[in-house]
Amino acid sequence: MMQGYLECVKCKKKYEESIKTLTCIHNKYYDYLEYKNVVPAKNTVTLGQGNTPMVKLKKTGAMIGCQELYVKDESKNPTGSFKDRESAVLIDKAVDFGIKDVFAISSGNAAISLSAYAKVAGIRCTCYIPDHASEGKKKMIQLFGGKIVEMAGTYEAVYRKILDENISGWNCTLNPFKSAGSKKIAWEIYEKVGMPDKIIVPCGNGSNLAGIWSGFKEIAQMKKIAKLPQMIGVQVEGASPLKSAMESGNDYEILSNIADSVAEGIVATESYSSPKALRALKESKGSVLEVNEGEIKSALRHMLIEESLVMEPTSASAFAGVWKLNISGKKVIVLLTSGGTNTLSEISDIVLGSR
Ligand SMILES: [Zn+2]
């Protein structure tokens with residue numbers, strides 16, 4: 001079997017698999033490399049991630065005239081989010097490469113997940129987080145044995161500082177291997193319902209959307225199918241760097257003065273996987289939808305009350321997108337990327353109306 005390799009989505013340069021190669025030469029903060037010809041790891045660390053349920057949303061589908069509206073429920077992963085798929089790939093690689101220290105730059109689900117997987121593999125995990133990160137999530141990181149280093153400033157400031165300082169350990173946030181985990185989401189959807197028409201995904205950095213798209217391209221190639229789904233990314237209104245980059249034609253855009261949002265997992269001035277996410281959006285003739293605070297909260301309430309689905313506000317943003325797209329008669333999958341157990345009190349405040 002041919003060895004896996006990394007390929008730049010911009011200049012097509014190929015790199016051998018290596019722990020030192022995190023991205024291509026264009027910009028050190030942005031993720032340009034796609035992991036191709038994925039070979040199964042020699043050592044596998046699993047907590048039982050993947051094969052998450054797909055549930056038809058009959059009630060909501062009937063309301064909007066979409067008979068095939070499904071949720072792909074990634075909250076059923078071991079630590080409650082799709083990040084477990086990425087962590088499994090990353091920690092497998094870390095074990096194969098003999099790495100003893102990994103780190104995440106994350107204030108939330110990625111750090112929780114990476115800590116859990118690193119722990120079972122006997123690898124040390126450090127999580128660099130902005131000091132305003134939620135207490136509940138910090139506790140989860142600690143429970144899973146992650147070491148927390150709090151830093152002042154926004155997520156973006158922490159991210160850039162860590163990259164500038166060449167911190168020791170393997171960077172599992174800017175890392176070309178991780179989106180191989182998201183590819184499996186595409187395969188699981190395909191095996192259940194065939195090729196869908198649209199996939200709606202909340203986008204912070206955009207790496208999940210990029211990985212899912214790679215998975216669908218792989219399926220189309222292997223099964224000789226011409227049809228591919230349209231990728232729909234959802235970001236917060238006024239804080240949508242992917243949408244700005246789609247319009248400008250650049251690989252990425254950096255926004256300033258964005259408002260805060262309940263969708264803390266995706267509110268961002270920069271999307272660090274922008275080059276890969278944009279390629280997925282363009283190739284699939286997809287788009288970026290913006291949703292506002294009211295729409296996110298009302299989707300969160302609706303999905304909990306009408307469909308008994310608990311999700312983070314970040315995930316609810318994707319469901320808010322359902323009402324803004326014309327999806328009647330189509331086969332549409334909405335990604336529930338993270339469940340609510342890490343932020344349950346905040347969710348109940350929104351649903352019960354105290355904020
Ligand atoms: Zn390149």
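Student: This is a predicted model, right, so where do we start? At roughly what angle do the axes of helix 3 and helix 4 cross?

Tutor: Yes, the model is predicted. Helix 3 covers residues 109-121 and helix 4 covers residues 135-143. Their axes come within 8 Å, and the crossing angle is roughly 15 degrees.

Student: What do we call the way helix 3 and helix 4 lie to each other?

Tutor: Take the angle of roughly 15 degrees. Angles under 35 degrees share one label. Helix 3 and helix 4 are therefore roughly parallel.

Student: Which residues of helix 4 make the contact with helix 3?

Tutor: Start on the other side: helix 3 brings Ala 111, Ile 112 and Ser 115. The residues of this contact divide into four nonpolar, one polar and one charged. From helix 4 come Lys 137, Met 140 and Ile 141.

Student: Let's stay with helix 3. At about what angle does helix 3 run to strand 7?

Tutor: Helix 3 lies across two strands, strand 6 (101-105) and strand 7. Relative to strand 7, the angle is about 170 degrees.

Student: Which strands are at the edges of the sheet that holds strand 7?

Tutor: That's an open sheet of four strands with parallel pairing, in the order 8-7-6-9. An edge strand pairs on one side only, and that fits strand 8 (147-151) and strand 9 (170-171).

Student: What is the bridge partner of Cys 127 in strand 8?

Tutor: Strand 7 spans residues 124-130 and pairs with strand 8 in the parallel sense over five bridges. For Cys 127, the partner in strand 8 is Ile 148.

Student: Is Thr 79 buried or exposed?

Tutor: Thr 79 sits in the loop between strand 5 (68-73) and helix 2 (83-97). To be buried, a residue needs 20 or more other C-beta atoms within 10 Å of its own. Thr 79 has 24 C-beta neighbours inside 10 Å, so Thr 79 counts as buried.

Student: What separation is there between the C-alpha atoms of Thr 79 and Met 140?

Tutor: Leaving aside neighbours within four places in sequence, Thr 79 is in contact with Asp 84, Ile 112, Ser 113 and Ala 116. Met 140 is 61 residues away from Thr 79 along the chain. Their C-alpha atoms are separated by 9.3 Å.

Student: Now the sheet with the order 2-1-3. Why is one side of strand 2 and of strand 3 left without a neighbour in the sheet?

Tutor: The sheet is open, has three strands and pairs in the antiparallel sense. Strand 2 (14-16) and strand 3 (33-36) stand at the edges, so one side of each has no neighbour there, as each has a single partner strand.

Student: What is the bridge partner of Tyr 5 in strand 3?

Tutor: Strand 1 (residues 5-8) pairs with strand 3 in the antiparallel sense, over four bridges. Within strand 3, Tyr 5 has as its partner Lys 36.

Student: One more pair: are helix 7 and helix 9 parallel or oblique to each other?

Tutor: Helix 7 (residues 207-222) and helix 9 (residues 274-283) pack at about 50 degrees, with axes 8 Å apart. Their crossing is left-handed. From the angle, helix 7 and helix 9 are therefore oblique.

Student: And which residues of helix 9 make that contact with helix 7?

Tutor: Helix 7 supplies Ser 207, Leu 209, Ala 210 and Trp 213. By class, the contact has five nonpolar, one polar and one charged residues. On the helix 9 side, look for Lys 276, Ala 277 and Ala 280.

Technical notes
Residues are numbered from 1 along each chain as its sequence is written. This is a predicted model: local features need pLDDT of at least 70, side-chain atom pairs count only at pLDDT 80 or more; totals for chains, interfaces and linings use all residues. Axes are lines fitted to C-alpha atoms, for helices over the stretch in contact, and angles run from 0 to 180 degrees between N-to-C directions. Angles under 35 degrees count as roughly parallel, over 145 as roughly antiparallel, 65 to 115 as roughly perpendicular and the rest as oblique. Two residues are in contact if their C-beta atoms, placed from the backbone, lie within 7 Å. Ala, Val, Leu, Ile, Met, Phe, Trp, Tyr, Cys and Pro count as nonpolar, Asp, Glu, Lys and Arg as charged, and the others, Gly among them, as polar. Two strands pair if DSSP finds at least two bridges between them. A residue is buried if 20 or more other C-beta atoms lie within 10 Å of its own, exposed if 12 or fewer, and partly exposed in between; C-beta atoms are placed from the backbone. A crossing is left-handed if the near helix is turned anticlockwise from the far one by less than a right angle, and right-handed if clockwise.
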